Amino acid sequence: EEAAMKQALRLAKAELSEEMGMVKLKNEALNREIENLKDQLRYMERSKDNGETDATKRENYSLRRKLEDLESQSISSEDSMAKISELKAQLEEAQNGRASFEKNALSTFERKMSLMQLNKDLTIDNLRKELAISKEKQSEKEIEQLSRLQAVEREYREYKQQSEMEIKQNNSKIFALQQTLDAQEQVVGNMGSEM
């Protein structure tokens with residue numbers, strides 16, 4: 001956008017300069033023609049004293065009309081020159097305004113970038129702090145879970161040992177009871193054969 005705006009301003013300035021040059025050339029040509037007509041009128045007025053004819057009157061009138069037309073064109077061309085000067089001043093004012101706008105926009109942009117950088121730095125610092133706190137809490141949780149796991153493992157080993165001892169004791173009792181039962185069955189069998 002900015003490049004397009006600069007290009008448009010350059011083109012407008014070039015067109016105004018070209019138009020002003022053309023108006024100056026036209027104005028100079030008109031001024032030369034006015035001077036020529038004035039010279040012709042002066043010549044005719046001098047010759048008028050020598051005796052004026054209808055043809056000279058008509059030519060004199062025609063020359064005066066041409067002179068009036070040219071003078072009005074000259075005035076119109078001067079108005080054009082004034083308008084062109086005014087347009088040039090407006091163009092220059094627009095360029096100054098654009099330069100001022102660009103300077104303000106750049107300054108605003110730099111301030112915003114500086115604030116964004118500061119905000120980014122603060123955010124990064126906060127995130128680092130939060131990460132450190134999070135890591136610390138995670139580490140504490142891991143230590144706590146590890147100690148719980150070790151406690152559960154101890155309880156499991158103790159329970160396993162106790163269960164194994166109880167099973168051995170029960171097996172011993174069962175074995176003893178089975179031997180007692182076998183002995184009693186033998187005694188009963190012996191008694192039954194004696195009877």
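In the predicted model, Arg148 is exposed, its relative accessible area being 53%. Its partner in a salt bridge is Glu144, and the closest N and O atoms of the two residues are 2.8 Å apart. Glu144 counts as partly exposed, because its relative accessibility is 40% and that class lies between the limits of 20% and 50%. Both Arg148 and Glu144 belong to helix α2, which covers residues 54-194. The two residues are separated by 4 positions in the sequence, about one turn of the helix. The structure contains 1 salt bridge.

Helix α2 also holds Met116. Met116 is exposed, since its relative accessible area of 54% is over the 50% that this class requires. Together with Leu106, Phe109 and Met113, the residue Met116 forms a nonpolar patch on the surface. The accessible area of these four residues together is about 430 Å².

With regard to the protein as a whole, the secondary structure consists of 2 helices and 0 strands. The chain comprises 195 residues, of which 11% count as buried; for a residue to be placed in this class, its relative accessible area must be under 20%. The protein exposes about 16,700 Å², and carbon and sulfur atoms supply 54% of this area. Contacts between residues at least 6 apart in sequence were also examined: among them, 82% join residues that are at least 24 apart.

Technical notes
Residues numbered from 1 in each chain as written. Predicted model: local features only at pLDDT ≥ 70, side-chain atom pairs only at ≥ 80, totals over all residues. Heavy atoms only, no water. Buried < 20%, exposed > 50% of the residue type's maximum accessible area, 1.4 Å probe, protein only. Contact = heavy atoms within 4.5 Å. Areas by Shrake-Rupley, 256 points an atom, 1.4 Å probe, with all protein chains shown as cover. Salt bridge = Lys/Arg side-chain N within 4 Å of Asp/Glu carboxyl O. Patch = residues over 30% accessible without salt bridge, like charges linked within 9 Å, V, L, I, M, F, W, Y side chains within 5 Å.
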